[in-house]
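Open the model in your viewer and keep the selection panel at hand. The stops below go from one pair of strands out to the whole chain.

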Amino acid sequence: MEKSQLISILVLFQAFICPSKSQSFVGVNYGEVADNLPPASTTASLLQSTTISKLRLYGADHAIIQSLAGTGISLVLGVPNSDVPSLASDPAAAASWAASNVLPFVPASSISAVSVGNEALNSGDPSLAGNILPAMQNLRAALAAAPAAAGIKVTTVHSMAVMAQSDPPSAGAFHADLAGELAGMVGFLREAGSPFMVNPYPFFAYRSDPRPETLAFCLFQPNAGRVDPASGMTYNNMFDAQVDAVRAALDGLGFPEVEIVVAETGWPYKGDPEEAGTTVENAMAFNGNLVAHLRSMAGTPRMPGRPVETYIFALYDEDLKGGPTSERSFGLYRADGTSNYDAGLAKSGSTATSSPQGSASSSSIGLVQPEGSCTSAETAQQTAEECYPTGAGDSPAPYRMRFLFLAYGAAMLLLTKVM
């Protein structure tokens, strides 16, 4: 075999077994319920020091959008719930929103999607339900009229409260009283090629069932697994179970081709005394193991090999949020740029600056290290350890990966002999 052929094989192996280098599924939410957020340029620099490649906004912060121009970081913008009725009733209002918040920034800034409303169906405002679809239709028409914005997807974000049942995952179903609105919305998504965006939080599942075995299941840590009696599939983590429940609900509604995007998920690192599980160690374990799980390309039991694009909540703490302490403690970072804990998102060669409360080490809690260079590995073993480290409870496709690592090593040996 020629040297050039061997090199080509190695490149293909490396792209496959280190998918995080060729395609990222990890984004983060940028909440703004705070009075101490850093300048947009500082946020842009912070993001570029990480492997985060996607940012979701709840509005259309012009400074943030502009600061990310040319960075390769894509944006999901948001139409606030308060603006939905006007966009629904007046195409000119939708055109004006696009002209103000999208068109001045593309194509320099990469805007992948716009969410029309956030958890509108469970917002407590019943008038929003009938306005989401026409608002999406009007905004899509406005964007399609501008060549630079024609490829931007239009969608909306749902909470898991739209689900009437999610356990077992194969029985996932939407609330019957929302089926009419959802069918219209998801029909639009199918036609437009847009994703169904949803906010599953294993943290809230644990809060309602705070047993040690539930915590391990929610944190992607070693556990006995849970078998879906109808499908026979075994689930090793709550995230997959929640996503597959949504998949089952969409399939049951007649839309198997509509993709799912996780718009929010996360774990608070601090909470009130009565808030179980709100620790730095648990937040670090959940987010770090989630990132590794996504990058493993394992997918879910119902959707193997299809990792779900996921946005972690949130980039910063939001000090003005009401409610329990946990609501103000989801941030990966503080406003001064220091990390609350190391979630393994720093680029190779970068180091996250943590405060004492984020001092828990990954080795002390069995957290995987999801990020490795994977570009200059000297041996197949090194490549394996960097790309797919051990320690997470969910070890996807171990035999397939072991085969790939052995094949990679064999190719490396052949290349050495040729050279």
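Select Val157 and Met197. Met197, in strand 8, is the bridge partner of Val157. This is a predicted model. Now widen the selection to residues 153-159, which are strand 5, and residues 196-199, which are strand 8. The two strands run parallel and are paired over 3 bridges.

Next, add residues 179-192. This is helix 7, and it lies across both strand 5 and strand 8. Look at its direction against strand 5: the helix runs at about 145 degrees to that strand.

Now show the strands of the barrel. How many strands close into the barrel, and in what order? There are 8, and the order is 1-2-3-4-5-8-11-12, with parallel pairing. From one strand to the next, the twist averages 25 degrees.

Go to strand 1, residues 26-30. Is strand 1 enclosed or open? Of its 5 residues, 5 are buried, so the rest of the structure largely encloses the strand. Colour its two faces separately. Val26, Val28 and Tyr30 sit on one side, Gly27 and Asn29 on the other, and all are buried. Both faces are therefore covered, with buried meaning under 20% relative accessible area.

Stay on strand 1 and look at its neighbours. Select residues 310-312 for strand 12, which pairs with strand 1 in the parallel sense over 3 bridges. Val28 has Ile312 as its bridge partner there. Then select residues 54-57 for strand 2, which also pairs with strand 1 in the parallel sense, over 4 bridges. Here Leu57 of strand 2 stands opposite Tyr30.

Turn to internal space. Rolling a probe the size of a water molecule over the atoms shows where empty space is left. The count comes to 3 cavities of 30 Å³ or more. Pick the second largest, which holds about 60 Å³ of space. Which residues are closest to its centre? Select Tyr333, Tyr341, Asp342, Ala343 and Leu345, which are among the 10 that line this cavity. By type, the lining divides into 7 nonpolar, 2 polar and 1 charged residue.

Finally, zoom out to the whole protein. Its secondary structure comes to 14 helices and 12 strands. Of its 419 residues, 53% are buried. Turn on contacts between residues at least 6 apart in sequence: 70% of them join residues at least 24 apart.

Definitions and conventions. Residues are numbered from 1 along each chain as its sequence is written. This is a predicted model: local features need pLDDT of at least 70, side-chain atom pairs count only at pLDDT 80 or more; totals for chains, interfaces and linings use all residues. Side-chain values use heavy atoms; hydrogens and water are left out. Two strands pair if DSSP finds at least two bridges between them. Axes are lines fitted to C-alpha atoms, for helices over the stretch in contact, and angles run from 0 to 180 degrees between N-to-C directions. Contact means heavy atoms within 4.5 Å. On a 1 Å grid over the protein atoms alone, a cavity is a set of points where a 1.4 Å probe fits but cannot get out, and a pocket is an open set with protein on both sides within 12 Å along at least five of seven lines; lining residues have an atom within 4 Å of a point. Grid points are joined across faces, edges and corners, and a volume is the space filled by probe spheres set on the points. Ala, Val, Leu, Ile, Met, Phe, Trp, Tyr, Cys and Pro count as nonpolar, Asp, Glu, Lys and Arg as charged, and the others, Gly among them, as polar. Buried means under 20% relative accessible area, exposed over 50%, partly exposed in between (1.4 Å probe, protein chains only).
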